[in-house]
Amino acid sequence: MRLADKVGQMLMAGFYGLEAPQHILDWLAEGKIGGVILFARNAETPEQVAKLCKQLHDAAKYPILIGIDQEGGAVTRLREGFTESPGAMALSATGDEIIAEKTSKILAEEMATVGINWTYAPVVDITYNKDNPTVGVRSFGNDKETVSQFASASVRGFQSGNVAACAKHFPGLGDTTIDTHLALATLDVPVEQVILNDLLPYRVGIDAGLATIMTTHTVISELDSEYPATLSPVVVNKLLRDELGFEGVVTTDCMEMKAIADNFGTGESAVLAMLAGVDIVLFSHTRELQEAAYEAMIEAAESGRVPEDMIDAANARIANLKEQFAADVGDISTLRSEENLKTVNDAAEKAVVMIKNDGVIPLDTEKRIGLIEFAGSLDSIAVEAGGLTGLADEFKAHVPSAETIAMRVGTTDEDILEKAAQLAKDCDILIVATRNAHMYDSEFELAKLWLESAEKSVLLAMRNPYDVIELDADAVLATCGDAEPSLIAAVSAVLGKFKPSGKLPVAL
């Protein structure tokens with residue numbers, strides 16, 4: 001393999017659209033990139049995704065990786081026509097790691113069927129901070145043992161489904177209040193916290209055969225005060241390779257995030273990542289930045305700034321990964337099977353936590369019931385914007401007489417706000433569904449006002465359960481996520497179709 005091709009194996013790129021642009025196909029054919037990352041912007045139907053992946057595989061000079069953030073829950077890129085799964089915190093709330101393994105395997109088998117062989121999951125960050133904008137319900141909780149238990153189960157599930165798992169974000173970003181998509185975060189936490197707490201899920205995951213790890217664009221000042229983990233030889237080589245003995249593939253998070261782009265520049269950051277010991281450098285969006293990164297990486301390799309033995313070692317790890325998780329397109333009629341749907345729906349029911357019930361649940365459907373839902377709020381750019389959720393539709397399918405209002409956080413539409421306030425006062429039972437109201441003053445104040453003005457009330461915390469700390473109602477439930485199965489489970493729970501048995505994996 002030419003040196004240029006070896007460098008190409010260390011670069012992955014993303015693009016916009018449902019079809020691969022010609023330059024991506026050309027780069028694959030030339031060996032200029034070693035793989036592609038897909039997002040929701042690239043996925044419409046299983047048929048289209050399978051066709052796209054086949055096109056990418058067929059165009060490539062060498063075997064490639066096709067990666068995607070298919071975590072389950074809030075960060076799910078494949079939805080239409082695929083089986084949706086509860087997210088990490090919901091799975092943890094079930095208390096059953098076998099459920100986590102089964103649901104992860106379902107996601108993996110469906111990804112593999114359409115030609116995807118790498119998922120950037122599971123998230124193994126520990127939720128130290130309720131105001132963290134990035135982690136939340138994407139985490140298995142705030143107990144290191146629980147996170148480790150469920151993370152390793154997810155790794156086994158993904159990889160038994162022939163998709164490489166990727167634990168993230170090394171060595172941990174659960175204690176920050178800054179979204180690295182938007183700015184560089186610095187954590188001044190004791191080294192002991194990192195070693196004893198944050199690294200445990202990685203140790204356990206590695207023991208379970210974890211194939212890949214993604215670094216965080218966060219400065220852990222006690223480890224390296226100059227560089228974020230992605231660019232730090234101390235973090236990647238000393239901590240991950242030497243201390244943990246990890247021999248798999250290390251990838252960056254997207255290098256176009258402002259934490260990196262605004263502080264280190266495109267080409268230089270790509271080279272610094274190589275020098276830190278990272279195997280794959282990821283540029284998810286912009287052709288010009290991808291080209292600039294490649295040119296800088298080539299120049300650093302040819303000049304000897306990045307030693308060829310480092311490039312060869314990275315290539316060996318990448319080649320092993322591609323061989324272990326060889327990809328092909330299969331029979332898409334197997335997607336979203338009845339068996340798969342039953343498994344994820346059962347998991348979502350077992351995740352529902354009943355925090356309080358003063359005789360309101362099961363709902364009396366003969367009463368006038370109102371549902372006000374905050375929909376589509378974004379905790380992070382990582383959670384892609386979509387349409388209004390299906391909670392109202394699911395509820396009305398069971399209670400056609402219900403009156404429902406869905407609104408986005410921060411709306412200034414006086415007509416909607418007035419209707420919501422009137423509904424809260426007039427109905428016999430009011431359901432308010434929040435999504436991280438504790439992080440949005442406007443959502444919190446409105447939810448509090450409506451719940452207090454209602455005759456009888458139900459609070460559904462559909463994302464972080466921290467909403468229940470300061471919001472109160474006659475009945476309070478947490479679903480720990482709002483993927484499709486969790487919406488179905490929430491409606492079934494308030495109608496009394498099952499008795500919630502979930503336990504919160506975070507301390508309130």
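Asp5 is found in helix 1, which covers residues 3-9 of this predicted model. With a relative accessibility of 1%, Asp5 counts as buried, because buried means a relative accessible area under 20%. Leaving aside residues up to four places away in sequence, Asp5 touches Glu30, Gly31, Lys61 and Tyr62.

From there the reader can turn to the sheet. An open sheet is formed by 8 strands, which follow one another in the order 6-3-2-1-12-11-9-7, and the pairing is parallel. Strand 6 (118-119) and strand 7 (166-170) stand at the edges of this sheet, and each has a single partner strand, so one side of each is left without a neighbour in the sheet. In the case of strand 7, 4 bridges join it to strand 9 (residues 212-215), and these two strands run parallel. Within this pairing, Lys168 stands opposite Met214 in strand 9. Lys168 also takes part in a cis peptide bond, the one that leads from Lys168 to His169, with omega near 10°; the place of His169 is in strand 7.

Helix 6 comes before strand 7, and the loop between helix 6 and strand 7 holds Asn162. The helix itself has 17 residues (residues 144-160), which at 1.5 Å a residue should span 24 Å, and its end C-alpha atoms are 24 Å apart, so the expected span and the model agree. Many of its residues can be followed inward: Val147, Ser148, Phe150, Ala151, Ser152, Ala153, Ser154, Val155, Gly157, Phe158 and Gln159 of helix 6 are buried. What do the buried residues of helix 6 pack against? Their partners are strand 4 (70-72), helix 4 (88-93), helix 5 (97-113), strand 6 and helix 8 (200-207), and strand 6 is one of the edge strands already met in the sheet.

Just after helix 6, the backbone takes a positive phi of about 70° at Asn162, although Asn162 is not a glycine. Asn162 is partly exposed, with a relative accessible area of 32%. A second asparagine, Asn436, has a positive phi of about 60° and is likewise not a glycine; Asn436 lies in the loop between strand 16 (429-434) and helix 17 (441-453). Is Asn436 buried or exposed? Asn436 is buried, with a relative accessible area of 1%, whereas the value for Asn162 is 32%.

Another cis peptide bond is found from Ile361 to Pro362, with omega near 5°. Pro362 belongs to the loop between strand 13 (353-357) and strand 14 (369-374), whereas His169, at the cis bond described earlier, has its place in strand 7.

The last stop is a pair of helices. Helix 14 (residues 338-351) and helix 18 (residues 484-494) pack at an angle of about 55°, and their axes are 8 Å apart. That angle makes helix 14 oblique to helix 18, because angles from 65 to 115 degrees would count as roughly perpendicular and those under 35 degrees as roughly parallel. The contact is made, on the side of helix 14, by Val344, Asn345, Ala348 and Glu349, and on the side of helix 18 by Pro485, Ser486, Ile488, Ala489 and Ser492. Where helix 14 passes helix 18, the crossing is right-handed.

Note on methods: Residues numbered from 1 in each chain as written. Predicted model: local features only at pLDDT ≥ 70, side-chain atom pairs only at ≥ 80, totals over all residues. Heavy atoms only, no water. Pairing = 2+ DSSP bridges. Helix = DSSP H or I, 4+ residues; strand = E, 2+ residues; numbered from the N terminus. Expected span 1.5 Å × (residues − 1). Buried < 20%, exposed > 50% of the residue type's maximum accessible area, 1.4 Å probe, protein only. Contact = heavy atoms within 4.5 Å. Axes fitted to C-alpha atoms, helices over the stretch in contact; angles between N-to-C directions. Parallel < 35°, antiparallel > 145°, perpendicular 65-115°, else oblique. Left-handed = near helix turned anticlockwise from the far one by under 90°.
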